[in-house]
There are 2 protein chains.
Amino acid sequence: MSAIGNLRAVSEAYPCDENGLRALFLRQPSEIAEAGAALFFEGDPACHVFHLVSGNVRICRFLADGHRFIIGFLRAGDLIGLSFRSRYMFGAEAIDRVAFRRMSKRMFEEELQLAPEHRSQMLSHLRDEITASQDHMLLLSQKNAEERVCTFLLDRLDSDDTPGLVSLPMIRSDIADYLGMTIETVSRTLTKLVLKGIILPAARHQFKVVSRSSLARHANEANEYDDHQGEALRVLQ
Amino acid sequence: MSAIGNLRAVSEAYPCDENGLRALFLRQPSEIAEAGAALFFEGDPACHVFHLVSGNVRICRFLADGHRFIIGFLRAGDLIGLSFRSRYMFGAEAIDRVAFRRMSKRMFEEELQLAPEHRSQMLSHLRDEITASQDHMLLLSQKNAEERVCTFLLDRLDSDDTPGLVSLPMIRSDIADYLGMTIETVSRTLTKLVLKGIILPAARHQFKVVSRSSLARHANEANEYDDHQGEALRVLQ
DNA sequence: CGCCTATTTGACGTGACTCAACTCCCGTGG
DNA sequence: CCACGGGAGTTGAGTCACGTCAAATAGGCG
């Protein structure tokens with residue numbers, strides 16, 4: 001699960017739930033950002049909400065000493081900008097060629113007024129983002145290198161289109177800054193997982209997962225609890 | 001800033017903003033939890049929203065291997081339970097003697113229906129929580145022991161009643177599990193800060209901050225951007 | 001006073017970081 | 001078609017910050 005929250009994953013689980021928010025963007029023109037370009041910078045006035053049509057985006061923040069931290073990765077279907085106040089608290093950069101649509105916050109707000117049920121989707125989205133952040137904090141504070149990489153692969157595997165294949169369009173330093181490691185340790189850990197027979201290199205930015213269960217065992221995940229939409233869930237929405 | 005989001009801090013900045021949500025609890029009876037008692041456990045059905053009247057609470061999650069992670073600390077004025085779906089994603093435990101009020105989610109929802117402006121306060125609260133989580137991820141992934149402890153002291157200093165004094169009602173292992181360190185490293189780092197003349201031991205669970213600026217320098221904080229309530233902020237609320 | 005827990009301090013081990021060399025891949029241009 | 005260049009990735013050797021284990025000390029409370 002991305003630390004930014006992955007709307008697509010949510011909408012797969014509850015098909016009729018989140019499409020509404022994304023449908024708002026269909027009337028907006030599609031724009032292109034080339035690999036490496038920034039959609040916006042950390043600290044910019046937060047004027048727009050974005051909807052990714054295709055490609056991959058990284059979300060990053062910087063420490064005073066220049067160290068970079070990657071909060072998460074976004075892909076087709078994801079939204080950016082729901083959780084801001086007046087300024088973006090992080091930058092968004094295209095990993096590869098990205099197509100996206102954008103809407104001014106003001107227009108977005110007007111759309112919400114017209115269809116108030118979207119507000120509960122906002123809440124739901126923000127809650128997902130909080131849960132994802134907490135999962136990631138747990139990874140960063142308690143997991144070792146192998147557990148981190150396994151967790152990362154597992155998340156990507158679950159949200160990927162092709163079963164058994166994990167694609168990593170970002171470069172190693174993106175993964176490293178996301179998992180709180182160095183590129184060398186990421187590389188060594190991936191090699192170790194290949195030697196253990198848990199994954200296989202498939203293409204330049206792709207691995208085949210030989211054994212999902214081994215991966216899960218090595219990920220040392222927290223206990224999961226059912227949190228599906230049910231009686232209790234309608235409350236607060 | 002607590003990873004759970006600190007409503008009190010917010011309401012100090014925007015006095016008329018968040019009181020509304022908390023006022024809802026005034027008609028509920030006050031309950032007591034003794035030190036060490038759990039308000040609820042990770043995985044419990046999320047039936048109630050809580051409002052802390054006095055005392056301190058820790059919010060924790062567990063990994064499959066039994067390791068504990070503390071997501072944050074809460075104190076008088078804070079709310080718990082706004083960000084849940086059907087189950088609590090973490091447990092809440094009293095650090096000391098805690099007084100609190102609770103309200104069923106259903107009743108809370110009815111109150112929200114009566115006063116829809118509370119929904120924007122919910123959104124605002126969730127956004128604070130996301131920002132705080134991201135700050136904490138940054139700490140966990142990029143900061144060394146000294147920077148972590150300084151950041152922690154600084155957060156506590158800013159939200160504390162008595163200027164220049166930091167109170168740490170929780171035990172060292174709580175701090176350690178919050179900052180992703182061991183109790184020994186926490187202890188050694190505090191000692192080092194005392195030797196450097198940045199803080200002074202005041203009482204058993206209290207330090208005097210000699211130099212706030214040294215503390216800030218050693219915390220290596222990320223750049224901060226104004227994000228105060230302004231024109232752009234009314235959007236989405 | 002005596003017990004128990006929290007905390008500090010010390011000695012030592014180690015997993016991940018740093019620095020450095022090397023390889024791989026892919027695009028470019030001769 | 002191959003030579004070349006440069007960014008990305010891998011691998012190795014050595015170091016260090018923090019973890020682990022163990023012992024000493026300090027408080028709190030009956």
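**Entry 1: DNA strand C**

I began with the classes of the surface near DNA strand C and counted three nonpolar, seven polar and six charged residues. For this tally Ala, Val, Leu, Ile, Met, Phe, Trp, Tyr, Cys and Pro are nonpolar, Asp, Glu, Lys and Arg are charged, and the others, Gly among them, are polar. I counted a residue as near when one of its heavy atoms lies within 4 Å of the strand.

The model is predicted, with pLDDT of at least 70 needed for local features and 80 or more for side-chain atom pairs, while totals for chains, interfaces and linings use all residues. Residues are numbered from 1 along each chain as its sequence is written, chains are lettered from A and ligands numbered from 1 in the order in which they are written, and side-chain values use heavy atoms, without hydrogens or water.

I found 16 residues around DNA strand C, and the closest are A:A145, A:T185, B:R172, B:S187 and B:T191. Of the strand's atoms within 4 Å of the protein, 65% belong to sugar or phosphate and the rest to bases.

I then looked up polar contacts (pairs of N or O atoms within 3.5 Å; within protein, one atom must be able to donate a hydrogen and the other to accept it, and residues adjacent in sequence count only if both atoms are side-chain atoms). For DNA strand C I noted these phosphate oxygen distances:

- A polar side-chain atom of A:T185 is at 2.5 Å.
- A backbone N or O atom of B:R172 is at 2.7 Å.
- A side-chain N or O atom of B:S187 is at 2.8 Å.

The elements giving two or more residues to this surface are α7 (183-195) of chain A and α7 (183-195) of chain B. α7(B) gives the most, with four residues. Helices here are DSSP runs of H or I with at least four residues, strands are runs of E with at least two, and both are numbered from the N terminus.

**Entry 2: DNA strand D**

I repeated the lookup for DNA strand D, which has 16 residues around it, the closest being A:R172, A:R188, A:T191, B:A145 and B:T185. Sugar and phosphate make up 68% of the strand's atoms that come within 4 Å of the protein.

A backbone N or O atom of A:R172 lies 2.8 Å from a phosphate oxygen of DNA strand D. I also found side chains at base nitrogens of this strand: an N or O atom of A:R188 is at 2.8 Å, and one of B:E184 is at 3.0 Å.

α7 of chain A and α7 of chain B each supply at least two residues of the surface near DNA strand D. The largest share, four residues, comes from α7(A). By class I counted three nonpolar, seven polar and six charged residues.

**Entry 3: aromatic pairs**

I counted 20 aromatic pairs over all chains. Rings of Phe, Tyr and Trp (its six-membered ring) pair if their centres lie within 6.5 Å; planes under 30 degrees apart are stacked, over 60 edge-to-face, and the rest tilted.

A:F73 and A:F152 form a tilted pair, 6.1 Å centre to centre with 55° between the planes. A:F73 is in strand β5 (residues 68-75) of chain A and A:F152 in helix α5 (residues 145-158), 79 residues apart. Both A:F73 and A:F152 are buried, where buried means under 20% relative accessible area, exposed over 50% and partly exposed in between (1.4 Å probe, protein chains only).

The ring centres of A:F84 and A:Y88 are 4.9 Å apart with planes at 90°, so this pair is edge-to-face. Both A:F84 and A:Y88 are buried.
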